[in-house]
Amino acid sequence: MFKIFLKKIDLIKTNPTHFKRINGYPLPLHRIRIKNKRIIYTTKENNILFLFIIDRKYDYKEIPKYLQDLGYL
């Protein structure tokens with residue numbers, strides 16, 4: 001699983017918007033799906049910030065809570 005994650009990181013380095021964008025939030029959020037997890041990241045200036053990892057079973061319901069905890073909402 002770690003090798004898959006590293007391959008996806010390389011994809012993000014070449015094209016930060018490669019993965020699906022999550023709409024409805026003030027940040028340009030993108031998600032990476034790996035097995036039963038979603039890794040949520042944003043692009044800010046020329047930096048990639050990995051924000052959090054959520055379980056796929058909770059859909060996207062927990063994103064506002066995590067963004068509020070991080071101070072983005």
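Which residues does Leu11 touch, not counting those up to four places away in sequence? I started there, and I got two names: His18 and Phe19. Note to self: this is a predicted model.

**Leu11, continued.** I looked up where Leu11 sits, and it belongs to helix α1, residues 2-14. Then I checked its cover. Leu11 has a relative accessible area of 35%, so I put it down as partly exposed, since buried would need under 20% and exposed over 50%. I also took the distance from Leu11 to Ile39, which is 28 residues away along the chain. Their C-alpha atoms are separated by 14 Å.

**Stepping back to the fold.** I counted two helices and four strands. Reading from the N terminus, I wrote the order down as α-β-β-β-β-α. I then looked at how far apart the contacting residues are in sequence. Of the contacts between residues at least 6 apart, 25% join residues at least 24 apart.

**Overall dimensions.** I looked up the span of the C-alpha trace along its principal axes and got about 30 × 30 × 20 Å. For 73 residues, a compact globule would have a radius of gyration near 11 Å; this protein has 12 Å, which agrees.

**The main core.** Next I went looking for nonpolar side chains packed together. In soluble globular proteins, such side chains tend to be buried together. The largest nonpolar core here has 10 residues: Ile22, Tyr25, Leu27, Leu29, Ile40, Leu51, Phe52, Ile54, Ile63 and Leu67. I asked which elements feed it, and found that β4 (47-55) and α2 (63-70) each supply at least two residues. The largest share is from β4, with three residues.

**Ile54 and its contacts.** I picked Ile54 out of that core and listed its contacts, leaving aside neighbours within four places in sequence. The list reads Asn36, Lys37, Arg38, Ile40, Asp59, Glu62, Ile63 and Tyr66. Two of those names, Ile40 and Ile63, are in my list for the largest core as well.

**A second core.** Apart from the largest core, I found another one, of six residues. Among them are Ile12, Ile32, Ile39 and Tyr41. I had already met Ile39 as the far end of my distance from Leu11.

**Surface and charge.** Of the 73 residues, 32% count as buried. The accessible surface comes to about 5300 Å², and carbon and sulfur atoms account for 52% of it. Last, I checked the charges: there are 16 positive and 6 negative, and the mean positions of the two sets are 8 Å apart.

Key:
Residues are numbered from 1 along each chain as its sequence is written. This is a predicted model: local features need pLDDT of at least 70, side-chain atom pairs count only at pLDDT 80 or more; totals for chains, interfaces and linings use all residues. Side-chain values use heavy atoms; hydrogens and water are left out. The radius of gyration is taken over C-alpha atoms; the globule rule is 2.2 Å times the number of residues to the power 0.38. Buried means under 20% relative accessible area, exposed over 50%, partly exposed in between (1.4 Å probe, protein chains only). Contact means heavy atoms within 4.5 Å. Accessible areas come from the Shrake-Rupley method with a 1.4 Å probe; for residues, only the protein chains shown count as cover. Lys and Arg count as positive and Asp and Glu as negative; His and the chain ends are not counted. The place of a charge is taken as NZ of Lys, CZ of Arg, CG of Asp or CD of Glu. A nonpolar core is a set of buried Ala, Val, Leu, Ile, Met, Phe, Trp, Tyr and Cys residues joined through side-chain atoms within 4.5 Å.
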